[in-house]
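The following exchange explains, for a newcomer, how several descriptive terms come to be applied to a structure. Each answer sets a value against its cut-off.

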Amino acid sequence: MTITVNGESRSVADGLDITGLVAELGLTPDGIAVAVDHTVVPRGRWQGRTLDDGAQVEIVTAMQGG
């Protein structure tokens, strides 16, 4: 299936959940937030929150600095 991650189209396996997507992207879950179809998904719900074909996913990384 095809989803959009941060504005870029990406092919992923059917049934992929957010935890799997984060791992597939080589990210660690610390310091990131994920929204699916414009709704922030709490980290405690990433596992088991499967992505649908055409989902719009935004991943934001916290940065330190001033």
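Q: What makes a residue "exposed", and how does Ser11 come to be called so in this predicted model?
A: A residue counts as exposed when its relative accessible area is over 50%, as buried when under 20%, and as partly exposed in between. Ser11 has a relative accessible area of 63%, and 63% is over 50%, so Ser11 is exposed. Ser11 has its place in strand β2. Its C-alpha atom is separated by 10.0 Å from that of Gly54, and the two residues are 43 apart along the chain.

Q: What confidence does the predictor give to this chain?
A: The model is predicted, and the chain has an average pLDDT of 95. At least 70 is scored by 98% of the residues. Among the elements of the chain, strand β1 (residues 2-5) has the highest mean pLDDT, 98, and β5 the lowest, 96.

Q: Why is the contact between Glu24 and Arg10 called a salt bridge?
A: The term requires a side-chain nitrogen of Lys or Arg within 4 Å of a carboxyl oxygen of Asp or Glu. For Glu24 and Arg10 the N to O distance is 3.7 Å, which lies within 4 Å, so the pair qualifies. Glu24 belongs to helix α1 (residues 18-24) and Arg10 to strand β2 (residues 8-11), so the salt bridge ties together parts that are 14 residues apart in sequence.

Q: Why are Glu24 and Arg10 described as partly exposed?
A: Glu24 has a relative accessible area of 39%, and Arg10 has one of 30%. Neither value is under 20% or over 50%, so both residues are partly exposed.

Q: How do you know that Asp30 and Arg43 form a salt bridge?
A: Their closest N and O atoms are 3.5 Å apart, and the cut-off is 4 Å. The pair therefore meets the rule. By this rule the count comes to 2 salt bridges.

Q: Which of these terms fits Asp30 and which fits Arg43: exposed or partly exposed?
A: Asp30 has a relative accessible area of 60%, which is over 50%, so Asp30 is exposed. Arg43, at 41%, falls between the two cut-offs and therefore counts as partly exposed.

Q: How do you know that Asp17 has no salt bridge?
A: Arg49, the nearest side chain of opposite charge, is 9.9 Å away. A salt bridge needs a distance within 4 Å, and 9.9 Å does not meet that limit, so Asp17 has none. Asp17 is nevertheless buried. Asp17 lies in the loop between β2 and α1, and its side chain reaches the backbone nitrogen of Thr19 at 3.3 Å.

Q: What makes β3 largely enclosed by the rest of the structure?
A: Of the 5 residues of β3, 4 are buried, so the strand is largely enclosed.

Q: Why are β3 and β5 said to pair?
A: Two strands pair if there are at least two bridges between them. β3 and β5 are joined by 5 bridges, so they pair, and they run antiparallel. Within this pairing, Ala33 has Val60 in β5 as its bridge partner.

Q: How do you know that β3 and β4 also pair?
A: Their 3 bridges satisfy the requirement of at least two, so β3 and β4 pair, in the antiparallel sense. Ala35 stands opposite Val40 in β4. In the hairpin of β3 and β4, with 2 residues between the strands, Asp37 takes a positive phi near 50°.

Q: How do you know that β1 pairs with β2 and with β5?
A: β1 and β2 share 4 bridges in the antiparallel sense, while 2 bridges join β1 to β5, which run parallel. Both counts meet the requirement of at least two bridges, so both pairs qualify. In the antiparallel pair, Ile3 has Arg10 in β2 as its bridge partner. In the parallel pair, Thr4 stands opposite Gln56 in β5.

Q: What makes β2 and β4 the edge strands of the sheet?
A: The open sheet has 5 strands in the order β2-β1-β5-β3-β4, with mixed pairing. β2 and β4 are the edge strands, as each pairs on one side only. Neighbouring strands of this sheet are turned by 35° against each other on average, direction ignored.

Technical notes
Residues are numbered from 1 along each chain as its sequence is written. This is a predicted model: local features need pLDDT of at least 70, side-chain atom pairs count only at pLDDT 80 or more; totals for chains, interfaces and linings use all residues. Side-chain values use heavy atoms; hydrogens and water are left out. Buried means under 20% relative accessible area, exposed over 50%, partly exposed in between (1.4 Å probe, protein chains only). pLDDT is the predictor's confidence in each residue, from 0 to 100. Axes are lines fitted to C-alpha atoms, for helices over the stretch in contact, and angles run from 0 to 180 degrees between N-to-C directions. Lys and Arg count as positive and Asp and Glu as negative; His and the chain ends are not counted. A polar contact is a pair of N or O atoms within 3.5 Å; within protein, one must be able to donate a hydrogen and the other to accept it, and residues adjacent in sequence count only if both atoms are side-chain atoms.
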